[in-house]
Amino acid sequence: MVFSALVVASALKGALGLMGTSLWLIPLLIAGLSYYRYDQLDPESRPIDRYPLYQEYDFVVIGGGSAGAVVTNRLTEIPNWNVLLLEAGPDENEVTDVPSLAAYLQLTKLDWKYKTEPTGRACLGMKGARCNWPRGKVLGGSSVLNYMLYVRGNRHDYDYWESLGNPGWGYDQALYYFKKSEDNRNPYLQKSPYHSTGGYLTVQESPWKTPLVVAFVQAGMELGYENRDINGERQTGFMIAQGTIRRGTRCSTAKAFLRPIRLRPNMHIAMNSFVTRVLIDPITMRATGVEFLRDGRRQTVRAKKEVILSAGAINSPQILMLSGVGPKEHLRHVGIPVIKDLRVGDNLQDHVGMGGLTFLIDKPVAIVQDRFQSAPMMMHYVANGKGPMTTLGGVEGYAFINTKYANRSIDYPDIQLHMAPASINSDAGLQVRKVLGITDEVYDTVYRPISNKDAWTIMPLLLRPRSRGTVRLRSSNPFHGPLINANYFSDPFDIATLVEGAKAAVRISEAQVFKQFGTRMHKTKLPGCKHLKLASDAYWECHIRHISMTIYHPVGTTKMGPPSDPTAVVDSRLRVYGIEGLRVIDASIMPTICSGNTNAPVIMIGEKGADLIKNDWMAVETRTR
């Protein structure tokens, strides 16, 4: 009992330090209790932070996130290969397990805390006209900060990648790797040919839901859409969300892929290890190792076979450029010797959405902070792993729909909708407004008057933006955060499509099934849009430009493509052009963004990338025997 009390006290102390708000004292105590109970019940314990390290490994993986954890797991399946995983952040903590607290992990020490550069076209209602771009700085990466939604994208995405000159990346192969990871615990999906059980990654619905998400799916059916498995044969339709959760807690890639293999003798993990560059021999044009900072000391480690960059769509291009691989004009401008001129940092894409659309209701069925502080609710989570704290960061349902711009002759919707039984007002301004970076004027004018009132939202997002942004170095100092130009809405087609998404969201809210709740749109105009007629196309465009919301899906900055593509950085086997022994395996290799949340596709990329490495090196080893 004394040990248990110490664990809980430690958990609470860590949680309060992370959150910085006494109002969440009780939920955070529950988070600590839940974490302690989870470790008691689960045979998998925490990964080992290795001291000391070897001077040389067969493979060095940079980044222990959604792809890097997968790659590390699969490479260490070969017992005579030793692998070092370098992660800039710490391990997961007592709070990250609780699904409903996802937003509270942003802007903490587990987040890189990136911001986009102002362009005047988007994020106008955010402080400094800049959007916050959270990225996970923790073992498990952004799978520790995200909203856990399990969405694979559309089959046409992957067939298109293959058609660009990337053999082996079509939908059939992608499906094979999606299924390889998956342990789907939804009974109605377990016999589907599109799903599997027994993989490392647990996928299931939240065990708790509001009546609003049931109404959302029914509203879609009223409008002529089907209630379907959007990860199955067809994507267009409505669904109660599937998520990467296990026994009511978050199933990050660290929990899924690293904890079960923590005792493999050929795997070393070094946390709090900040990579400053890949070491590349300019004569042989080969990656020979990695330089990193750990415990305040600069260290190097050699890679006998390969260095694998899995640091994500922001950090992978940053590390490449710091290593001398990137656009030569830019590298010369910041004073970095050019080793290989490649279009690193171009082709940045993200799913941009419309935030802040709010529907008020009369029945107490939404997530409202004041009501969700009750001790019985929290104890239910501790005892059973059930209840409102299992909700996927607040998102309960999603839909894929067609606007007038979509090609309806094929199953390729152009708008995704996220439905949540809450809105910006639901926590009385404690956290959501902070993670979005909303200005005081916008919050005080529009959302403070309805603080803590029952409300819900639909967030439309653009599935396949035409706009492209860039990642560039701020300087040659690796500790200076990169310059991120999301370049939202540089192509006018993007904003026109998203306006149609906003109008569709309103039509869904007006469905007959929502009338039982007294649903009506909150009609207070945004301060910067007061001169426009509410609900007109011009007003929706203004709203979107003011509350432009990243859906946290940056991709594309080390583009995969054939040798004939001058913008490609890696080939179809994810090898960096012109540099031996260096690959990129993460979201940055996507030529075009997939049509849906990106976490599941990045795990798929990790699975396939690891197989590519195995096939290449096993062929070499067979020849040399």
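Start at helix α8, which spans residues 312-322. Ten of its eleven residues are buried, so the helix is mostly covered. This is a predicted model. The buried residues of α8 are A313, I314, N315, S316, P317, Q318, I319, L320, M321 and L322. Nonpolar residues such as I314 and L320 are in that list, and so are N315, S316 and Q318. After α8 comes G324. Its phi is positive, near 95°.

Now turn to the nonpolar cores. In soluble globular proteins, nonpolar side chains tend to be buried together. Here the largest nonpolar core has 176 residues. Which of them touch the most other members? They are F216 and F514.

Take F216 and look around it. Setting aside neighbours within four places in sequence, F216 is in contact with F238, G397, Y398, A399, L417, M419, I458, I508 and F514. F514 thus appears twice: it is a contact of F216, and it stands with F216 as a residue that touches the most other core members. Another core lies apart from the largest one. This other core has 13 residues, including V95, Y104, V138 and M378.

Next come the pockets. The largest pocket holds about 350 Å³ of space. Its lining has 18 residues. Which of these are closest to the centre? They are Y412, R464, P465, R466 and F493. Two elements give two or more residues to this lining: α4 (155-163) and α13 (492-509). Helix α13 gives the most, with three residues. By class, the lining has eight nonpolar, four polar and six charged residues.

The second largest pocket has a volume of about 250 Å³. It is lined by 16 residues. Nearest its centre lie E306, R575, E580, G581 and R583. Which elements supply at least two residues of this lining? They are β13 (297-309), β25 (582-584) and α15 (599-624). Of the elements, α15 gives the most, with three residues. The lining of this second pocket has six nonpolar, two polar and eight charged residues.

Put the two pockets side by side. In the largest pocket, α13 is the top contributor to the lining. In the second largest pocket, that place goes to α15. Each of these helices gives three residues. The largest pocket has eight nonpolar residues in its lining, while the second largest has eight charged ones.

Notes: Residues are numbered from 1 along each chain as its sequence is written. This is a predicted model: local features need pLDDT of at least 70, side-chain atom pairs count only at pLDDT 80 or more; totals for chains, interfaces and linings use all residues. Side-chain values use heavy atoms; hydrogens and water are left out. A nonpolar core is a set of buried Ala, Val, Leu, Ile, Met, Phe, Trp, Tyr and Cys residues joined through side-chain atoms within 4.5 Å. Buried means under 20% relative accessible area, exposed over 50%, partly exposed in between (1.4 Å probe, protein chains only). Contact means heavy atoms within 4.5 Å. On a 1 Å grid over the protein atoms alone, a cavity is a set of points where a 1.4 Å probe fits but cannot get out, and a pocket is an open set with protein on both sides within 12 Å along at least five of seven lines; lining residues have an atom within 4 Å of a point. Grid points are joined across faces, edges and corners, and a volume is the space filled by probe spheres set on the points. Helices (H or I, at least four residues) and strands (E, at least two) are DSSP runs, numbered from the N terminus. Ala, Val, Leu, Ile, Met, Phe, Trp, Tyr, Cys and Pro count as nonpolar, Asp, Glu, Lys and Arg as charged, and the others, Gly among them, as polar.
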